[in-house]
Amino acid sequence: MREKLLNLMKSEQLTASKLAELLGIQPSGISHILGGRNKPSFEMLCKIVNRFPQINPYWLLGEATEMRNA
């Protein structure tokens, strides 16, 4: 999931703190995932899918290779 978040942040030109702000979560939540300490919750995955509708949810869950919806 770390790589997925990094790819998302790069494609949307976001810092970790800006991503946290857009998702309405604490910056430490993103930091812990990027650091490998935690895995994202289902709630966080839903927030990502809702905030970034252009992102393929199957890519986010690891079942597709294309990051963006067609």
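## Helix α2

In this predicted model, helix α2 (helices being DSSP runs of H or I with at least four residues, numbered from the N terminus) is followed by G24, whose phi is positive, near 75 degrees. Within α2, the residues L19, A20 and L23 are buried, a term that means under 20% relative accessible area with a 1.4 Å probe and protein chains only. Viewed along the axis of α2, these buried residues fall within an arc of 100 degrees, so they line one face of the helix, the arc being that of the directions from the helix axis to the C-beta atoms. Their cover includes α1, α3 and α4.

## Helix α1

Helix α1 spans residues 2–11, and its buried residues are K4, L5, L8 and M9. Because they cover an arc of only 130 degrees around the axis, they lie on the same side of α1. The elements that cover them include α2 (16–23), α3 (27–34), α4 (42–51) and α5 (57–60). After α1 comes Q13, whose phi is positive, near 55 degrees.

## Nonpolar core

The largest nonpolar core (buried Ala, Val, Leu, Ile, Met, Phe, Trp, Tyr and Cys residues joined through side-chain atoms within 4.5 Å) has 18 residues, of which L5, L8, L19, I48 and F52 touch the most other members. Two or more residues are given to this core by each of α1, α2, α3, α4 and α5. Leaving aside residues up to four places away in sequence, L19 touches L5, L8, M9, L14, I30 and F52, where contact means heavy atoms within 4.5 Å.

## Basis of the values

Residues are numbered from 1 along each chain as its sequence is written, and side-chain values use heavy atoms, with hydrogens and water left out. Local features need pLDDT of at least 70 and side-chain atom pairs count only at pLDDT 80 or more, whereas totals for chains, interfaces and linings use all residues.

Methods. Buried < 20%, exposed > 50% of the residue type's maximum accessible area, 1.4 Å probe, protein only.
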